[in-house]
Amino acid sequence: MNTPPPSPSLLRHLLAMVYDALLVIALVFVVYALALGIQVALTDGKQEVLSPVVGRILFVVCTTGFYCAFWWRSGQTLGMQTWRIKLVSSDGGRLRVGQLLLRCAGAAVSFVFLGLGYLWKLVDRNGRYWHDYLSGTQLVLLPKSSRDSRKESDS
């Protein structure tokens, strides 16, 4: 009988999310700067502020693109790699783009409802978030590598 891999704690996941948020903020700043530069060039300097609608669209595209690109490639963002967390498909197959987009949308909904979708993990018998169920994905805690074990024994 296979034992399912452990789910990372809410705290561990939140710490990975903070790490990723710093990267997303930097990405958003770069994309906003590029978009503003293009806009200023196209309007001969007549429009020096991005419209709020364009700003929101860029934010959503940057955030969704960041997470989906990393998850599609390896199932891990940089923050998740640091905290040994991996996103996997609940059916054991390869992550699909539809699952990733649903997860991003579901995570936004989980956050908007005062974080209840995230807090759900604390009462769920499987330790999953709302967006895990919506997207057919789950987070797993990866074991420490042998390299990490050697580092600990050296200290």
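## Two salt bridges

R96 and D91 pair up in a salt bridge, with their closest N and O atoms 3.4 Å apart. This is a predicted model, so that distance, like everything below, comes from a prediction. How accessible are the two partners? R96 is partly exposed, at 43% relative accessible area, while D91 counts as exposed, at 55%.

The count of salt bridges comes to 2, and the other pair is R103 with D132, where the closest N and O atoms sit 2.4 Å apart. That pair ties together distant parts of the chain: R103 belongs to helix α4, D132 to helix α6, and 29 residues separate them. Are these two residues buried or exposed? R103 counts as buried, with a relative accessibility of 3%, and D132 counts as buried too, with 2%. Both values fall under the 20% cut-off for buried, which is why the label applies to each.

## The overall layout

Stepping back to the whole chain, the protein has 7 helices and 2 strands. Going along the sequence, they follow the pattern α-α-α-β-α-α-α-β-α. The C-alpha trace spans about 65 × 40 × 30 Å along its principal axes. As for burial, 33% of the 155 residues count as buried, and R103 and D132 from the salt bridge above carry that label.

## How the helices cross

Helix α2 is a handy reference for the packing, with crossings to describe against α1 and α4. Take α1 (residues 10–42) and α2 (residues 52–74): their axes come within 9 Å and cross at roughly 135°. That makes α1 oblique to α2, because the angle falls short of the region over 145 degrees that counts as roughly antiparallel, and lies outside the 65 to 115 range for roughly perpendicular. As for handedness, α1 passes α2 in a right-handed crossing.

What about α2 and α4? The axes of this pair come within 10 Å and cross at roughly 140°. These two helices are therefore oblique to each other as well, and their crossing is also right-handed. Helix α4 is a name to remember here, since it holds R103 of the buried salt bridge and turns up again in the surface patch below.

## A nonpolar patch on the surface

Which residues make the nonpolar surface patch? The list runs V109, F111, V112, F113, L114, L116, L119, W120, L122, V123, W130 and Y133, and together they make about 1,300 Å². The elements giving two or more residues to the patch are α4 (97–112), α5 (116–119) and α6 (130–135). Among the elements, α4 gives the most, with 3 residues.

W130 is a good one to look at in this group. Its place is in helix α6, the helix that also carries D132. W130 is partly exposed, at 32% relative accessible area, so it passes the requirement of over 30% for patch residues. D132, by contrast, is buried at 2% relative accessibility, so α6 offers both a patch member and a buried salt-bridge partner.

## Loops worth a look

Most residues other than glycine have a negative phi. Two loop residues go the other way. D44 has a positive phi of about 55° although it is not a glycine, and its place is in the loop between α1 and α2, the two helices whose axes cross at roughly 135°. D44 counts as exposed, with 68% relative accessibility. L114 likewise has a positive phi of about 55° without being a glycine. This leucine is found in the loop between α4 and α5, and L114 counts as exposed, at 78% relative accessibility. L114 is also one of the nonpolar patch residues.

Where does Q76 sit, and is it buried or exposed? Q76 is found in the loop between α2 and α3 (78–82). Despite being in a loop, Q76 counts as buried, at 13% relative accessibility. Q76 and S89 are 13 residues apart in sequence, and their C-alpha atoms are 12 Å apart in space.

Definitions and conventions. Residues numbered from 1 in each chain as written. Predicted model: local features only at pLDDT ≥ 70, side-chain atom pairs only at ≥ 80, totals over all residues. Heavy atoms only, no water. Patch = residues over 30% accessible without salt bridge, like charges linked within 9 Å, V, L, I, M, F, W, Y side chains within 5 Å. Areas by Shrake-Rupley, 256 points an atom, 1.4 Å probe, with all protein chains shown as cover. Salt bridge = Lys/Arg side-chain N within 4 Å of Asp/Glu carboxyl O. Helix = DSSP H or I, 4+ residues; strand = E, 2+ residues; numbered from the N terminus. Buried < 20%, exposed > 50% of the residue type's maximum accessible area, 1.4 Å probe, protein only. Axes fitted to C-alpha atoms, helices over the stretch in contact; angles between N-to-C directions. Parallel < 35°, antiparallel > 145°, perpendicular 65-115°, else oblique. Left-handed = near helix turned anticlockwise from the far one by under 90°.
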